[in-house]
Amino acid sequence: MKKCFYCNRMIDTPNTISIKNEKIDCCDDLYSTKARAFINFAERTKFFFAISVTASILMAFGPLFPICSNAIRTILLCIGWGLLGLTICVFPLATPETFQLLGVKKTIRLVRVVGCLLILITPIWPMIML
Ligand SMILES: [Zn+2]
């Protein structure tokens, strides 16, 4: 039995599409269209995703480098985690293994929840740091 790449349900008669030399099974036309759109979106945006994630992680670890004042390090920390949260909300990209395991639909939801949590905890950093 195969699993739908998009909604992760078991399917008897998969609607197989091929994207970039990879075969993907989906349960119907709608989901195969959505899966294709998502993979194209991921291909187009992964460059910006990588830059944004790298920048936010560097800022989030700013407090480890004691070069600037505590206030500046706290601001960097907030921007870093906030930007990371925002980035993964806008570009809900995960590892191929995660998509295989959960399907696109659940993975996007999970990643967005994590992103929102990261944004929500941003105001906590100044309380800890200052
Ligand atoms: Zn499906």
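So, asparagine 8: it counts as partly exposed, because 17 other C-beta atoms lie within 10 Å. The cut-offs here are: buried means 20 or more other C-beta atoms within 10 Å of the residue's own, exposed means 12 or fewer, and partly exposed is in between, with C-beta atoms placed from the backbone. Before I go on, this is a predicted model, where local features need pLDDT of at least 70, side-chain atom pairs count only at pLDDT 80 or more, and totals for chains, interfaces and linings use all residues. Residues are numbered from 1 along each chain as its sequence is written.

Back to asparagine 8. You'll find it in the loop between β1 (2-3) and β2 (10-11). When I say strand or helix, I mean DSSP runs numbered from the N terminus: helices are H or I with at least four residues, strands are E with at least two. What is the phi of asparagine 8? It's near 70°, a positive value in a residue other than glycine. For context, most residues other than glycine have a negative phi.

There's another asparagine like that. Asparagine 21 also isn't a glycine, and its phi is positive, about 65°. That one lies in the loop between β3 (15-19) and β4 (22-26). Is asparagine 21 buried or exposed? Exposed, because it has 5 C-beta neighbours inside 10 Å.

Okay, the whole chain. We have 4 helices and 4 strands, and along the sequence the order is β-β-β-β-α-α-α-α. The radius of gyration is 19 Å, well over the 14 Å that the globule rule gives for 130 residues, so the chain is more spread out than a compact globule. That radius is taken over C-alpha atoms, and the rule is 2.2 Å times the number of residues to the power 0.38. The C-alpha trace spans about 60 × 25 × 20 Å along its principal axes. Of the 130 residues, 25% are buried.

Now the helix packing. We describe two packed helices by the angle between their axes and the distance between the axes. The axes are lines fitted to C-alpha atoms, for helices over the stretch in contact, and the angles run from 0 to 180 degrees between N-to-C directions.

Take α1 (residues 29-60) with α2: the angle is about 155° and the axes are 7 Å apart. That makes α1 roughly antiparallel to α2; the bins are under 35 degrees for roughly parallel, over 145 for roughly antiparallel, 65 to 115 for roughly perpendicular, and oblique for the rest. On the α1 side, the contact includes Phe49, Val53 and Ile57, and on the α2 side Leu76, Trp81 and Leu84 are among the residues. Contact here means C-beta atoms, placed from the backbone, within 7 Å. By class, that contact has 12 nonpolar, 4 polar and no charged residues. Nonpolar is Ala, Val, Leu, Ile, Met, Phe, Trp, Tyr, Cys and Pro; charged is Asp, Glu, Lys and Arg; the others, Gly among them, are polar.

Next, α2 (residues 70-90) with α3 (residues 96-120): about 155° again, with the axes 8 Å apart. These two are therefore roughly antiparallel to each other. Trp81 and Gly85 are among the α2 residues in this contact, and Arg112 and Gly115 are among those from α3. The split is 10 nonpolar, 3 polar and 1 charged.

One last pair: isoleucine 39 and valine 104 are 65 residues apart in sequence, and their C-alphas are 9.5 Å apart in space. Isoleucine 39 lies in helix α1.

Notes:
Contact = placed C-beta atoms within 7 Å.
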